[in-house]
Amino acid sequence: NNGRNKKGRGHVNFVRCSNCSRCVPKDKAIKRFTVRNMVESAAVRDISEASVYQDDLRLAEYVIPKLYIKIAYCVSCAIHSHVVRVRSREGRRNRAPPPRVRWKDGKKVNPAVAAAEEAKAAAARGA
């Protein structure tokens, strides 16, 4: 299907690549939804210190809004910026989503390794 998700539609609208502004069919574009802080982490403390809203007056501390951005990439830019990876012929048949990265105490946790450790701990408690 030439990397598309068209299925019976004759034509789909184009979107522009967020990186290079190339026209890409909407069903072929690699789309990612990102949620980022509007202010970088280094400046958050400066803003909270200079803020009029104080939390000692029993007011809720002012929460800096987030940026919600839907980004569309052409295939070239998605590969170049490591949004997607080139896969082998057998690997391309795998349609399952990649394992989600989990965080625990500020560190990445591999779900398979975490499950094995929990099973080992349960066996130690049972024995």
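Select D27 to begin: in this predicted model, D27 counts as buried because its relative accessibility is 15%, where buried means under 20% relative accessible area, exposed means over 50% and partly exposed lies in between, all with a 1.4 Å probe and protein chains only. Residues are numbered from 1 along each chain as its sequence is written. Because the model is predicted, local features need pLDDT of at least 70 and side-chain atom pairs count only at pLDDT 80 or more, while totals for chains, interfaces and linings use all residues, and side-chain values use heavy atoms, with hydrogens and water left out.

Now add R4 to the selection. D27 forms a salt bridge with R4, and their closest N and O atoms are 3.3 Å apart; the term stands for a side-chain nitrogen of Lys or Arg within 4 Å of a carboxyl oxygen of Asp or Glu. This pair links distant parts of the chain, since D27 sits in the loop between β2 (23–25) and β3 while R4 sits in the segment before β1 (14–16), 23 residues apart. R4 counts as partly exposed because its relative accessibility is 25%.

How many salt bridges does a search of the whole structure find? The search finds two, and to see the other pair, select R45 and E49, whose closest N and O atoms are 3.3 Å apart in a salt bridge. Both residues lie in helix α1, four residues apart, which is about one turn of the helix, and both R45 and E49 are exposed.

Stay in helix α1 (residues 41–50) and select S48, which counts as partly exposed because its relative accessibility is 32%. If you then add V15, you will find it 33 residues from S48 in sequence and 38 Å away in space, C-alpha to C-alpha.

Next, colour the chain by secondary structure. The protein chain has three helices and six strands, where helices (H or I, at least four residues) and strands (E, at least two) are DSSP runs numbered from the N terminus. Read from the N terminus on, the elements run β-β-β-α-β-α-β-β-α. The radius of gyration, taken over C-alpha atoms, is compared with a globule rule of 2.2 Å times the number of residues to the power 0.38; for this chain it is 22 Å, well over the 14 Å that the rule gives for 127 residues, so the chain is more spread out than a compact globule. Of the 127 residues, 13% count as buried.

For the interior, select C17, V24, A29, I30, I71, A72, Y73, C74, C77 and A78, the 10 residues of the largest nonpolar core. Such a core is a set of buried Ala, Val, Leu, Ile, Met, Phe, Trp, Tyr and Cys residues joined through side-chain atoms within 4.5 Å. Strand β4 (66–73) and helix α2 (75–80) each supply at least two residues of this core, and the largest share, three residues, comes from β4. Centre the view on Y73, which, leaving aside residues up to four places away in sequence, touches C17, N19, A29, I30, A78, S81 and V83, with contact meaning heavy atoms within 4.5 Å.

Finish on the surface by selecting F33 in strand β3 (residues 30–37). F33 counts as exposed because its relative accessibility is 56%.
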